[in-house]
Amino acid sequence: MSFKDILVTLAGVTASETGINFAVELARGHGAHLVGLSILEPLDLSAQFAPGSGYMAVDVIQEIEETHRKSAQAAASKIEAAFRAACSRAGISHEWRLAEGNPAEAGVLHAHYADLAITGQIDPGKPPPGGWARLPAQLALASGRPVLIVPYAGRFATAGKRVLVAWSRTRESARALDDALPILERASHVTVLSINPRRGEGANELPGADIALHLARHGVKAEAASTVADDIDVGNTLLSRASDLGADLIVMGCYGHSRMRELILGGATREVLRHMTVPVLMSH
């Protein structure tokens, strides 16, 4: 099993040389077609400087907006050149797309046509403007596709050699595990971790053993483990265990719901999105 179409949103960390190479190497490993997506978010000053709120002449507003657009296009052209060069060096099938509009909405639309979407974690110390700040969570909650989120700090040449799977008896968890199978089948070590497992979760007394057996039928060598944590500390417990295991990827369900303009995330999902130290594959 392999991914055949991978999308990478090229902004923030994923627009850097490290981020682009991460996506290229993942695509090369799966023999996948890689789509690089850059999104121009229009600058709309009309409401901000409407009469009664600090009036500014219409022609001045239009000039500022056009200057912003040209600057964004120039930046996108540089990213495009770096993306195409990296893909050509790796010898992979690829294409470049330039969209315009709200980044969260455009990202979700293009992710519909991919097996996997790659995006970058938002730096909480330097949150981007507009729809970019909502992009990772929006992709995970609304695209219907697995989303691989790359931390803004650190260098990651690849991911998926040593994988930690967060397992619970939920639809989101089952979906994430199934979506991650192309990666899990190539991993050298997989740990299935149940946090605060409930009695009667499966036919086996050892939490996670049933899903580990399911993975074994796919050729995945996985070991089951369990731990306990306070409900408010599940995210930190997961990140801590990933560090202890030397994991280079976390697979987990994404909990919450989205109405395009509003995101309501579960506590563990929100915690991991804020403090992740390794790439995380999420599915909703």
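Before I start, one definition: when I say that two strands pair, I mean that DSSP finds at least two bridges between them. Please also keep in mind throughout that what we are looking at is a predicted model.

With that in hand, let me begin at strand β5, residues 147–150, which is joined to strand β12, residues 280–283, by three bridges, with the two strands running antiparallel. Within that pairing, Val 147 has Met 282 of β12 as its bridge partner. Towards strand β4, residues 116–120, β5 makes four bridges, and here the two strands run parallel; at one point along them, Thr 119 stands opposite Ile 149. To get from β4 to β5 the chain passes through helix α4, residues 135–142, and this β-α-β crossover is right-handed.

What covers the two faces of β5, or rather, which of its residues are buried on each side? In a regular strand the side chains alternate between the two faces of the sheet. In β5, Val 147 and Ile 149 lie on one side, Leu 148 and Val 150 lie on the other, and all of them are buried, so that both faces are covered.

Stepping back to the sheet as a whole, it is an open one of 10 strands with mixed pairing, in the order β3-β2-β1-β4-β5-β12-β9-β6-β7-β8. The edges are formed by β3, residues 94–100, and β8, residues 222–227, each of which pairs on one side only. On average, and ignoring direction, neighbouring strands of the sheet are turned by 25° against each other.

On the other side of β4 in that order comes β1, residues 5–9, which is joined to β4 by three bridges in a parallel arrangement, with Leu 7 standing opposite Ala 117. Helix α1 lies across β1, β2, β4 and β5, and runs at about 160° to β4.

That brings me to the interior. The largest nonpolar core has 45 residues, and those touching the most other members are Ile 6, Leu 34, Ile 118 and Leu 184; helix α1, residues 17–30, gives the most to this core, with six residues. Leaving aside residues up to four places away in sequence, the contacts of Ile 6 include Leu 26, Leu 34, Leu 116 and Ile 118. There is also a second, separate core of 38 residues, and among its members are Ala 106, Leu 141, Val 147 and Val 278.

Finally, a word on the cysteines: Cys 87 counts as buried because its relative accessibility is 0%, under the 20% cut-off, and Cys 254 is likewise buried, with a relative accessible area of 0%. A search of the whole structure finds zero disulfides.

Key:
Residues numbered from 1 in each chain as written. Predicted model: local features only at pLDDT ≥ 70, side-chain atom pairs only at ≥ 80, totals over all residues. Heavy atoms only, no water. Disulfide = S-S within 2.5 Å. Buried < 20%, exposed > 50% of the residue type's maximum accessible area, 1.4 Å probe, protein only. Right-handed = clockwise from strand over helix to strand, strands pointing away. Core = buried A, V, L, I, M, F, W, Y, C linked by side-chain atoms within 4.5 Å. Contact = heavy atoms within 4.5 Å. Axes fitted to C-alpha atoms, helices over the stretch in contact; angles between N-to-C directions.
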